[in-house]
Amino acid sequence: MEITAFENSLDFAKNLDAQDKLGALRDEFYIPDGMIYLDGNSLGLLSKRAEQTLLNMLQSWKNYHIDGWTTGEEPWFYLPEKLGRMMAPLVGAEPEEVIITGSTTINLHQLAATFYEPKGNRTKIIATELDFPTDIYALQSQIRLRGYDPETHLISIQSRDGRLIEEEDIIAAMTDEVALILLPTVLYRSGQLLDIQRLTEEAHARGIIIGFDGCHSVGAIPHYFSKWGVDFAVWCNYKYLNAGPGGVASLYVNKKHFGRIPGLTGWYSSRKDKQFDMEHQLTVEHSAGAFQTGTPHILSMAPLMGSLEIFAKTSIEEIRIKSLHITQYFMQLVNEDLLELGFTLLNPTEDSRRGGHISLHHEEAVRICKALKANNIIPDYRAPNVIRLAPVALYVTYEDVWKTVQVLKAIIHNKQYEAFDSQRGVVA
Ligand SMILES: *Cc1c(COP(=O)(O)O)cnc(C)c1O
């Protein structure tokens with residue numbers, strides 16, 4: 001970790017906020033009075049612009065009825081492509097390589113159905129034991145659909161310490177039996193950032209297709225998917241991208257794969273000028289748009305437009321600079337004030353391996369999270385004993401971070417957590 005001397009005081013935190021280049025963007029968001037929101041890695045906050053673009057979309061339905069598909073300020077028929085072009089700079093993609101469609105899980109199914117082409121000896125898929133469960137469930141069913149057994153065909157890279165995955169271990173598993181690799185960009189618990197470029201190069205050197213799940217990184221970290229030659233990626237837009245609960249997701253497909261027949265086709269896989277010819281012979285669209293299936297969920301993608309306007313006021317590189325700085329600051333305060341109280345840091349400390357959140361372990365994590373909420377600080381709990389805290393660059397302040405550490409100290413010192421039970425909530 002970079003040695004940075006942060007002073008451990010409220011004044012110093014306020015001074016950091018005064019120098020924060022992104023500070024003004026906080027006003028774009030609705031932040032409940034007195035609340036410190038550290039759960040933007042699960043559900044980002046509503047912005048005024050996202051609210052407005054959603055209301056505008058309702059208005060266009062009211063005003064234009066069926067004609068809204070092709071007329072009005074934002075013709076719905078072209079909205080997934082338009083938002084894809086707005087998203088592209090955040091992931092280092094060319095404009096036609098990104099489309100807004102489906103959910104992360106459905107997009108995983110779509111792209112696994114497309115890119116998992118078991119042939120001869122090459123029939124296996126690599127994932128990791130620390131993956132988000134939906135990724136594993138999707139891969140298991142794709143393997144079953146091809147008539148193979150997930151027990152033998154899904155290779156799960158093991159963690160050496162239960163929190164990190166070593167790139168060497170993934171590379172060592174890239175044998176000539178592997179047809180496809182799907183990896184997280186950032187691991188959802190420990191916040192470890194994998195070396196996407198290196199893994200892509202190693203996979204390609206062995207003739208293996210590689211895709212990434214960017215749910216925990218897009219909007220917090222720059223990616224250069226095109227330059228790195230990543231084959232495909234999926235991510236959700238409701239975490240760091242603040243597009244609202246259940247907001248429509250994104251996918252990226254490298255242009256070298258354009259023209260491929262999607263594994264799951266529908267009439268929206270069609271070239272747009274041919275779609276309404278209503279032919280039974282599909283003419284596949286020559287862009288990431290081919291990987292859509294049916295009618296886009298216009299109202300559920302509307303807030304993303306406002307949200308992306310905010311990202312366009314800065315750059316993902318600037319966002320990463322603040323994110324690294326504020327997480328460094330957070331880690332230093334944890335080291336100084338919290339280690340002696342039974343907390344340990346689970347996230348990698350190096351900038352090159354760290355995502356957008358910090359991850360703390362504590363035996364009493366469930367009750368501590370409940371006590372934080374009672375103090376108007378919103379953390380993110382992962383069973384059995386992980387507390388994830390995301391100081392999201394667009395709307396969390398250094399003062400928020402400093403206060404959170406003070407509150408955590410008080411919760412342990414005064415045994416405040418003992419007032420709560422240790423049952424986790426249904427959504428946690
Ligand atoms: C949040 C998250 C998902 C969620 O998938 P949905 O289809 O939106 O429910 C998937 N993968 C990862 C890594 C996530 O963090």
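1. Let's start with arginine 163, which is partly exposed in this predicted model, its relative accessible area being 28%. Arginine 163 makes a salt bridge with aspartate 161, and the closest N and O atoms of the two are 3.3 Å apart. Aspartate 161 counts as partly exposed too, at 40% relative accessibility.

2. That pair belongs to a wider set, since the structure holds 28 salt bridges. Another one links aspartate 273 to arginine 271, with 2.9 Å between the closest N and O atoms. Here aspartate 273 is exposed, at a relative accessible area of 52%, while arginine 271 is partly exposed at 35%. A network is also worth finding on your screen: Glu28, Arg49, Glu309 and Lys313 are joined by salt bridges that share partners.

3. Within that network, have a look at arginine 49 and glutamate 309, whose salt bridge has its closest N and O atoms 3.2 Å apart. Arginine 49 sits in helix 2 and glutamate 309 in helix 11, so this pair ties together parts that are 260 residues apart in sequence. Arginine 49 is partly exposed, with a relative accessible area of 25%, and glutamate 309 is partly exposed as well, with 28%.

4. Helix 2 deserves a second visit, this time for its nonpolar side chains. On the surface, Leu54, Leu55, Leu58, Trp61 and Leu299 form a nonpolar patch, and together they have about 440 Å² of accessible area. Which element gives the most to the nonpolar patch? Helix 2 (residues 48–64) does, with 4 residues. One member, leucine 54, is in helix 2 and is partly exposed at a relative accessible area of 31%.

5. Now to the inside. The largest nonpolar core has 104 residues, and Trp235 and Leu360 are those with the most contacts inside it. Domain 1 (10–30 + 315–419) and domain 2 (52–311) both contribute residues, so this core lies between the two domains. There is also a second, separate core of 26 residues; among its members are Leu111, Tyr116, Ile125 and Ile136.

6. Aromatic rings are a good next stop: the whole structure has 17 aromatic pairs. One of them is made by phenylalanine 115 and phenylalanine 232, with ring centres 5.2 Å apart and planes at 10°; planes under 30 degrees apart count as stacked, and therefore this pair is stacked. Phenylalanine 115 lies in helix 4 (residues 104–115) and phenylalanine 232 in strand 7 (residues 232–235), so the pair connects parts that are 117 residues apart in sequence. Phenylalanine 115 counts as buried at 1% relative accessibility, and phenylalanine 232 counts as buried at 1% too.

7. A further pair involves strand 7 as well. Phenylalanine 225 and tryptophan 235 are 6.3 Å apart centre to centre, with 40° between the planes, and the pair is tilted. Phenylalanine 225 belongs to helix 9 (residues 225–228) and tryptophan 235 to strand 7, so the two tie together parts that are 10 residues apart in sequence. Are these two residues buried or exposed? Phenylalanine 225 is buried at 0% relative accessibility, and tryptophan 235 is buried with a relative accessible area of 0%. Tryptophan 235 is also one of the residues with the most contacts inside the largest nonpolar core. Elsewhere, Phe77, Tyr78, Trp267, Tyr268 and Phe276 form one aromatic cluster.

8. Finally, a few backbone details to check. Most residues other than glycine have a negative phi, and most peptide bonds are trans. Against that background, the peptide bond joining alanine 383 and proline 384 is cis, with omega about -5°. Proline 384 is found in the loop between strand 12 (380–382) and strand 13 (386–389).

9. Two residues with positive phi round off the list. Histidine 65 has a phi near 40° although it is not a glycine. Histidine 65 lies in the loop between helix 2 and helix 3 (79–91), and is partly exposed with a relative accessible area of 45%. Methionine 278, also not a glycine, has a phi of about 60°. Its place is the loop between helix 10 (272–275) and helix 11 (298–311). At 53% relative accessibility, methionine 278 counts as exposed, because the cut-off for exposed is over 50%.

Methods: Residues numbered from 1 in each chain as written. Predicted model: local features only at pLDDT ≥ 70, side-chain atom pairs only at ≥ 80, totals over all residues. Heavy atoms only, no water. Core = buried A, V, L, I, M, F, W, Y, C linked by side-chain atoms within 4.5 Å. Buried < 20%, exposed > 50% of the residue type's maximum accessible area, 1.4 Å probe, protein only. Domains from an automatic or database assignment. Patch = residues over 30% accessible without salt bridge, like charges linked within 9 Å, V, L, I, M, F, W, Y side chains within 5 Å. Areas by Shrake-Rupley, 256 points an atom, 1.4 Å probe, with all protein chains shown as cover. Salt bridge = Lys/Arg side-chain N within 4 Å of Asp/Glu carboxyl O. Phe/Tyr/Trp six-rings, centres within 6.5 Å; stacked < 30°, edge-to-face > 60°.
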